[in-house]
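Let's take a look at how a protein and its DNA meet. The sequence and the model come first, and then we'll go through the DNA one strand at a time.

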Number of protein chains: 2
Amino acid sequence: MDITTTIEDVANLAGVSIKTVSRVVNMEPNVRPATRERVQDAIRELGYQPNPSARGLASKRSYLVGLFYDDLMAESTYIVNVQRGVLTRCRKEGYELLIHPFNYHQNGINGLAEEITANIIKSRIDGVILTPPLSDLSIAIETLKRLDKPQIRLSPGHHESGSPCVYSDDRIAARLMTEHLIQLGHKRIAFIAGHSGHLAIVHRQTGFIDAMTAAGLNIDNASVSQGSNTFESGVKCAREILSHERAPTAIFASTDEMAAGVMSVAHQLGYSIPGDLSVAGYDNSQIAHQVWPALTTIAQPVNEMAEIATGLLIDQLRGGKKSISQVAMQSELVLRDSTGPAPC
Amino acid sequence: MDITTTIEDVANLAGVSIKTVSRVVNMEPNVRPATRERVQDAIRELGYQPNPSARGLASKRSYLVGLFYDDLMAESTYIVNVQRGVLTRCRKEGYELLIHPFNYHQNGINGLAEEITANIIKSRIDGVILTPPLSDLSIAIETLKRLDKPQIRLSPGHHESGSPCVYSDDRIAARLMTEHLIQLGHKRIAFIAGHSGHLAIVHRQTGFIDAMTAAGLNIDNASVSQGSNTFESGVKCAREILSHERAPTAIFASTDEMAAGVMSVAHQLGYSIPGDLSVAGYDNSQIAHQVWPALTTIAQPVNEMAEIATGLLIDQLRGGKKSISQVAMQSELVLRDSTGPAPC
DNA sequence: TTGAAAGCGCTAACAA
DNA sequence: TTGTTAGCGCTTTCAA
């Protein structure tokens with residue numbers, strides 16, 4: 001198990017040429033099973049691991065995958081789970097991960113293209129995974145295309161067009177959640193919309209409207225307020241919503257963070273949850289367990305989505321299976337204690 | 001700005017040999033200023049970036065730094081800030097970052113040495129940054145030494161011995177916080193200890209005891225309870241602490257997560273914060289803003305600590321400045337709204 | 001202060 | 001099915 005073991009050492013021990021070892025390592029065809037086994041034994045015995053630099057130099061690939069995300073989301077459960085999923089798949093496939101949080105709100109959106117370009121020329125990553133909201137930023141998508149870098153998008157708002165992507169149908173899931181509230185007898189339900197730049201989150205609002213309309217319930221303007229995904233924005237919206245004379249009996253916030261903000265305000269105002277007010281969130285973040293009572297929410301299979309996306313990207317990098325361009329995954333309604341029957 | 005520009009293109013344009021270009025790129029001495037400038041112009045004009053694989057192959061280095069952490073902490077504000085700090089410095093110094101969360105609770109501590117070894121042989125990282133609790137795990141430290149990999153530890157419990165480290169004095173900061181509570185008139189103060197495997201967090205308890213003793217206040221056994229850093233453990237401890245007949249008027253939890261758990265329980269039991277009960281935390285996590293009222297806590301300069309640690313590691317990798325082996329940083333008391341005068 | 005040449009450990013192209 | 005050879009784009013070594 002020595003870091004200085006080279007392909008030549010393996011070839012010598014196995015009594016073959018280095019090219020044969022290379023074939024075995026890269027799982028290429030045209031190696032007799034007996035030979036293959038002999039080489040594999042030698043590899044195991046020496047603890048041989050190919051040198052990535054040498055490989056990269058010869059093959060003009062880096063075996064590096066980039067994960068691009070908005071630094072504002074770096075602390076979210078979402079990004080952490082994406083990192084986990086991507087890493088899991090990278091390890092299996094022999095790739096390494098380079099994370100890259102972007103601060104494009106500070107530097108201006110124009111700096112984004114330059115930063116992406118610079119990063120790619122410097123790091124030589126082979127392909128990129130884009131997470132929301134970058135997965136909907138055409139400047140990011142187009143810059144990568146111009147650089148001829150394969151990309152895959154996670155949860156874009158528009159999955160029909162553009163580059164390949166993995167997503168879950170937020171509209172349907174939000175509809176499910178709204179129907180859950182309606183079934184509990186709620187008629188005045190408020191919705192807190194997310195940041196308008198996160199298109200996938202906007203679909204949650206559509207799902208809410210779908211369900212309300214289908215149930216013949218009123219959606220006056222007051223029942224949808226505009227948040228920006230954060231706890232603080234949830235607080236702000238809740239203060240407004242709960243100050244109306246006929247306050248809603250349920251609030252569906254399009255992120256858990258905002259839902260937690262709502263709950264904080266509700267507690268301060270003396271509401272009992274879910275007795276006086278039901279609260280629902282979306283994302284199944286860590287915070288959903290840290291509020292009291294535990295938050296009813298929607299869970300996307302973020303980990304698996306990231307794994308699958310990484311797999312698709314690597315397939316692309318290997319030059320195969322370009323056919324799959326969209327994978328849709330299902331989200332799940334997670335019923336906890338923050339939603340209950342509407343007060344009479 | 002072409003990814004296929006090589007050192008030779010630059011040499012041709014500048015009218016020098018590739019070795020001279022190499023000298024300029026690597027900031028080596030013995031280049032006439034005029035020559036250096038000519039080369040730099042050529043580099044700029046062509047948008048040249050050296051190929052990391054070629055560099056790595058020739059120099060037997062990867063220009064890759066590894067960040068090793070406990071996957072259980074991946075969602076913490078702490079790890080996210082460490083990632084940010086490390087990335088900032090890596091970019092400045094021309095290194096790339098490979099993150100590696102470890103799941104050693106599942107796989108058993110014995111698997112850890114193997115996983116570290118396998119990872120290093122595969123990825124060829126040049127050096128490693130260890131975060132708590134890995135920075136106190138001798139199996140991690142020793143494995144890296146055996147592999148001859150430079151390492152730097154962030155916030156270890158024992159900073160005197162072992163490999164170089166960057167830390168902040170948690171004992172002093174915890175003492176400060178406790179003194180703050182004492183100055184507010186609190187006499188019955190409970191402390192919630194953190195996970196015993198996180199040695200730096202154990203120092204927080206010592207600081208608490210320092211202050212209590214110095215103030216001549218009683219520390220009966222009941223006033224220190226054992227948590228495990230998490231929100232849930234804070235909930236559990238708080239339920240116990242607040243069930244005593246002479247409940248404390250202040251609770252100092254050694255992590256913000258636990259403090260948030262305490263606040264949740266306190267609200268449920270009808271305590272007003274800080275009127276009936278003061279609550280203090282430690283870490284200045286995201287959650288400190290998401291509780292109501294906002295949490296008084298201790299802020300470590302995690303970002304800077306990570307940047308400095310990365311700088312020290314890279315210095316080591318470059319073969320210089322081995323002299324600095326410990327850097328101590330100062331934490332800051334952040335007064336918010338969860339602490340107030342003791343009730344009469 | 002500069003440059004020429006060798007070679008890092010692999011893969012690609014081709015030959016046998 | 002296997003092997004030979006020629007680079008990939010740099011750094012290192014040594015020479016000028």
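Helices here are DSSP runs of H or I with at least four residues, and they are numbered from the N terminus. Keep in mind that this is a predicted model.

## Around DNA strand C

Start with the neighbours. There are 25 residues around DNA strand C, and those that come nearest are I7(A), S22(A), T20(B), N30(B) and T35(B). Of the strand's atoms that come within 4 Å of the protein, 65% belong to sugar and phosphate.

So much for the overall picture; now for some individual contacts from chain A. S22(A) has a polar side-chain atom 2.7 Å from a phosphate oxygen of DNA strand C. Y48(A) also puts a polar side-chain atom 2.7 Å from a phosphate oxygen of this strand. With K19(A), the partner is a base: an N or O atom in its side chain is 3.4 Å from a base nitrogen of DNA strand C.

## Which helices face strand C

Which elements give two or more residues to the surface near DNA strand C? They are α2 (18-25) and α4 (52-59) of chain A, along with α2 (18-25) and α4 (52-59) of chain B. The largest share comes from α4(A), with 4 residues.

If you sort the residues of this surface by class, you get 10 nonpolar, 9 polar and 6 charged.

## Around DNA strand D

DNA strand D is surrounded by 26 residues, and the closest are T20(A), N30(A), T35(A), K19(B) and S22(B). Sugar and phosphate make up 64% of the atoms of DNA strand D that come within 4 Å of the protein.

Both chains make polar contacts here. On chain A, a polar side-chain atom of T20(A) sits 2.7 Å from a phosphate oxygen of DNA strand D. On chain B, the side chain of N26(B) has an N or O atom 3.0 Å from a phosphate oxygen of the strand. A58(A) uses its backbone instead: one of its backbone N or O atoms lies 3.3 Å from a base oxygen of DNA strand D.

## Which helices face strand D

For DNA strand D, α2 and α4 of chain A and α2 and α4 of chain B each supply at least two residues of the nearby surface. Which of the elements gives the largest share? That is α4(B), with 5 residues.

By class, the surface near DNA strand D holds 11 nonpolar, 9 polar and 6 charged residues.

Methods. Residues numbered from 1 in each chain as written. Chains lettered and ligands numbered in written order. Predicted model: local features only at pLDDT ≥ 70, side-chain atom pairs only at ≥ 80, totals over all residues. Heavy atoms only, no water. Near = heavy atom within 4 Å. Polar contact = N/O pair within 3.5 Å; in protein donor to acceptor, adjacent residues only side chain to side chain. Nonpolar A, V, L, I, M, F, W, Y, C, P; charged D, E, K, R; others polar.
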